[in-house]
Amino acid sequence: MMDIENLQIWKLGVTLAKDIYLLTEKFPKSELYGLTDQIRRAAVSIPSNIAEGKGRSTAKDFVHFLNTARGSLYELATQLYIAREIGYLTEEDFSTFQKKIEDLSHKIVAMTKYLRSKK
């Protein structure tokens, strides 16, 4: 896969998506087409948008897709908050994932700033 595999934010996004899939395996089967599906889609969207942006021809396009990926991170954080409120997540799992989300968000912002400074 081209040079995307060397991009740290993409790797972190893939790992986060994998971890989310494993986490949501514990959710009730009745949520498979509800919250579980929404959480998984948001998680997969993060590295997917990073990859799509990297594959575009300009830094401006890449920044656009990085912003979309960051939006998906916020969506994921909200869905995990709801899952915690419903009782599907322990406080420990919630805190662990919030830390991963914050870390990746900071790295996406740093990449965005770097790309904008290259103008």
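Guide: Contact here means heavy atoms within 4.5 Å of each other. The model is predicted, so local features need pLDDT of at least 70, side-chain atom pairs count only at pLDDT 80 or more, and totals for chains, interfaces and linings use all residues. Residues are numbered from 1 along each chain as its sequence is written, and side-chain values use heavy atoms, with hydrogens and water left out.

Visitor: OK. How many helices and strands in the protein?

Guide: Four helices and zero strands. The order from the N terminus is α-α-α-α. Helices (H or I, at least four residues) and strands (E, at least two) are DSSP runs, numbered from the N terminus.

Visitor: What does the C-alpha trace span along its principal axes?

Guide: About 45 × 25 × 20 Å.

Visitor: And what's the radius of gyration?

Guide: 15 Å, which agrees with the value near 14 Å for a compact globule of 119 residues. That radius is taken over C-alpha atoms, and the globule rule is 2.2 Å times the number of residues to the power 0.38.

Visitor: What share of the residues is buried?

Guide: Buried residues are 41% of the 119. Buried means under 20% relative accessible area, exposed over 50%, and partly exposed in between (1.4 Å probe, protein chains only).

Visitor: What about the accessible surface?

Guide: About 7,100 Å², with 54% of that belonging to carbon and sulfur atoms. The areas come from the Shrake-Rupley method with a 1.4 Å probe; for residues, only the protein chains shown count as cover.

Visitor: What share of the contacts comes from residues 24 or more positions apart?

Guide: 69%, counted among contacts with a separation of 6 or more.

Visitor: Let's do helices. What should α1 span, and what are its end C-alpha atoms apart?

Guide: The 17 residues of α1 should span 24 Å at 1.5 Å a residue, and the end C-alpha atoms are 24 Å apart, which agrees. The expected span is 1.5 Å times one less than the number of residues.

Visitor: Which residues of α1 are buried?

Guide: I9, W10, G13, L16, A17, D19, I20, L23 and T24. The buried residues of α1 pack against α2, α3 and α4.

Visitor: There's an Asp in there. What does D19 touch?

Guide: F97 and K100, not counting residues up to four places away in sequence. D19 counts as buried because its relative accessible area is 15%. D19 and R40 are 21 residues apart along the chain, and their C-alpha atoms are separated by 9.9 Å.

Visitor: Jump to α4. Which residues are buried there?

Guide: F94, F97, Q98, I101, L104, S105, I108, M111, T112 and L115. Those buried residues pack against α1 (8-24), α2 (35-54) and α3. Helix α4 covers residues 91-117, 27 in number; it should span 39 Å, and its end C-alpha atoms are 39 Å apart, which agrees.

Visitor: What does T112 touch?

Guide: V63, L66 and N67, leaving out residues up to four places away in sequence. T112 has a relative accessible area of 5%, so it is buried.

Visitor: And K99, buried or exposed?

Guide: Exposed, because its relative accessible area is 55%. K99 is in helix α4. K99 and D3 are 96 residues apart in sequence and 27 Å apart in space, C-alpha to C-alpha.

Visitor: Now α3. What are its end C-alpha atoms apart?

Guide: 41 Å, which agrees with the 40 Å expected for the 28 residues of α3 (residues 59-86). G87 follows α3, with a positive phi near 105 degrees.

Visitor: A83 is in α3. What is A83 in contact with?

Guide: F27, L35, I39, Y88 and L89, leaving aside neighbours within four places in sequence. A83 counts as buried because its relative accessibility is 0%. A83 and T36 are 47 residues apart in sequence but 9.0 Å apart in space, C-alpha to C-alpha.

Visitor: Where's Y88?

Guide: In the loop between α3 and α4. Y88 counts as partly exposed because its relative accessibility is 24%. Leaving aside neighbours within four places in sequence, Y88 is in contact with F27, P28, E31, L35 and A83. Y88 and T24, 64 residues apart in sequence, are 8.8 Å apart in space, C-alpha to C-alpha.

Visitor: Last one. How many positive and negative charges?

Guide: 18 positive and 15 negative, with mean positions 8 Å apart. Lys and Arg count as positive, Asp and Glu as negative; His and the chain ends are not counted. The place of a charge is NZ of Lys, CZ of Arg, CG of Asp or CD of Glu.
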